[in-house]
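Reader: I have a structure to look at and some questions about how its parts fit together. Could we go through them one at a time?

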Amino acid sequence: MASSIAPRVESLASSGIQSIPKEYIRPKEELASIGNVFEEEKKGGPQVPTIDLKDIESEDIKVRERCLQELKKAAMEWGVMHLVNHGISDQLMDRVRIAGQKFFELPIEEKEKYANDQASGKIQGYGSKLANNASGKLEWIDYFFHLVFPEDKRDLSIWPKTPSEYTEVTSEYARQLRGLASKIFSALSLCLGLEEGGLEKEVGGLEELLLQMKINYYPKCPQPELALGVEAHTDVSALTFILHNMVPGLQLFYEGKWITAKCVPNSIIMHIGDTIEILSNGKFKSILHRGLVNKEKVRISWAVFCEPPKEKIILKPLPETVSETEPPLFPPRTFAQLIQHKLFKKT
């Protein structure tokens, strides 16, 4: 059973410990920047932009152009944004949240039936972080990871059977999110001066672009100022879309400081990932971010990573983004090589 290797953070959290095991305590240089997330959320200063997508496909060229310019500015300056009026109903998002929450409310031994086995390469399923990251530290998180789109590439046998509506709700959300991703790829293509279908084709199109969902479950932590839910990283994906349960935790490293994202009702958070940063030759940013934890409330987030196929496509700055004065900033790599490169750089 996987639990003998890495205890689930949830079982640690509910065991009544007052202090966290040393493997979870962040290195000294990092501790100075970790504060109380509820106080951090109240702070003024720079804020993650909110982008209203209502006009993204407007018939009125001027109205549409204004929306594109706002999206472009957010992608260039931040690489992360709250999307509102994104076309996915509040009702469906609530159903996704309830289904995931119900799964995580199951007893741990029930969830263990879905345990992944990272050592053997079985990465889908229920798991916890192993200490193979840059710091050799553990993170205060359990998760459930599975491929949700294209539908013919899913392995439904490992999807939660409880709650019974899990598969239906998650599948519908994945379908709608795939549509939203197309809308965003089109808009970002226009922002770069490409054909509208340019970026989507470069990341694999409808057949090959993979949507991987990771439900992140951050239990309450007795010493939140010593731990992280997720350590600082950039997403390797093309785009990442995130739903959460309205408990703050996401922090962005912006202009040399950690900024806490506010909770915007009914929004979906979107990150530009490394893949788009490369294709845009660095014009669009993949921002460094991390997750804080807290004492009072469980935080859950639903991240969907939109990833190109591992081997089929060579990722490199697109010709339209390169010039005499702007040489390519990234060497050609497959997505698999990009992941390896990041791992190697970290260790």
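Author: Yes. Keep in mind that this is a predicted model. We can begin with a helix and what lies against it: the buried residues of α4 have a cover that includes β1, β2, α7 and β10.

Reader: Which residues of α4 are buried, and where on the helix do they lie?

Author: Buried here means under 20% relative accessible area. In α4 this holds for Val 63, Cys 67, Leu 68, Leu 71, Ala 74 and Ala 75. Seen down the helix axis, these residues fall within an arc of 135 degrees, so they line one face of the helix.

Reader: Why can residues that are apart in sequence point the same way?

Author: The reason is the pitch of the helix. An α-helix has 3.6 residues a turn, so residues three or four places apart point the same way.

Reader: Which exposed residues does α4 carry on the face turned away from its buried side?

Author: Exposed means over 50% relative accessible area. On the face of α4 turned away from the buried side, the exposed residues are Ile 61, Lys 62 and Arg 66.

Reader: At the start of α4, which residue has a side-chain oxygen that reaches the backbone nitrogen of Lys 62?

Author: The helix covers residues 61-77. At its start, the backbone nitrogen of Lys 62 has a side-chain oxygen within 3.0 Å, and that oxygen belongs to Asp 60.

Reader: In what order do the strands of the 8-stranded sheet stand?

Author: This sheet is open, and its pairing is mixed. β1 (50-52) and β3 (125-128) stand at the edges with a single partner strand each, so one side of each is left without a neighbour in the sheet. Neighbouring strands are turned by 25 degrees against each other on average, direction ignored. The order is β1-β2-β10-β7-β12-β5-β4-β3.

Reader: Is β10 enclosed or open to the outside?

Author: Both of its faces are covered, with Ile 268, Met 270 and Ile 272 buried on one side and Ile 269 and His 271 buried on the other. That makes 5 of the 5 residues of β10 buried, so the strand is largely enclosed by the rest of the structure.

Reader: Which residue of β10 is the bridge partner of Phe 241?

Author: β10 pairs with β7 in the antiparallel sense over 4 bridges. It also pairs with β2 in the antiparallel sense over 4 bridges, where Val 80 stands opposite His 271. For Phe 241, the bridge partner in β10 is Met 270.

Reader: How many bridges join β5 to β12?

Author: β5 takes in residues 210-218 and β12 residues 299-307, and the two run antiparallel. One of the pairs is Met 213 with its bridge partner Val 304 in β12. The number of bridges that join the two strands is 9.

Reader: At what angle to β7 does α7 run?

Author: Helix α7 (residues 166-191) lies across several strands, among them β2, β4 and β12. Its 26 residues should span 38 Å at 1.5 Å a residue, and the end C-alpha atoms are 37 Å apart, which agrees. Relative to β7, the helix runs at about 135 degrees.

Reader: Which strands stand at the edges of the 4-stranded sheet?

Author: The order in this open sheet is β6-β11-β8-β9, with antiparallel pairing. β8 and β9 pair over 4 bridges, and Tyr 254 stands opposite Lys 257 in β9. The edge strands, each with a single partner strand, are β6 (230-233) and β9 (257-260).

How values were computed
Residues are numbered from 1 along each chain as its sequence is written. This is a predicted model: local features need pLDDT of at least 70, side-chain atom pairs count only at pLDDT 80 or more; totals for chains, interfaces and linings use all residues. Side-chain values use heavy atoms; hydrogens and water are left out. Two strands pair if DSSP finds at least two bridges between them. Axes are lines fitted to C-alpha atoms, for helices over the stretch in contact, and angles run from 0 to 180 degrees between N-to-C directions. Contact means heavy atoms within 4.5 Å. The expected span of a helix is 1.5 Å times one less than its number of residues. Buried means under 20% relative accessible area, exposed over 50%, partly exposed in between (1.4 Å probe, protein chains only). The arc is that of the directions from the helix axis to the C-beta atoms. A polar contact is a pair of N or O atoms within 3.5 Å; within protein, one must be able to donate a hydrogen and the other to accept it, and residues adjacent in sequence count only if both atoms are side-chain atoms.
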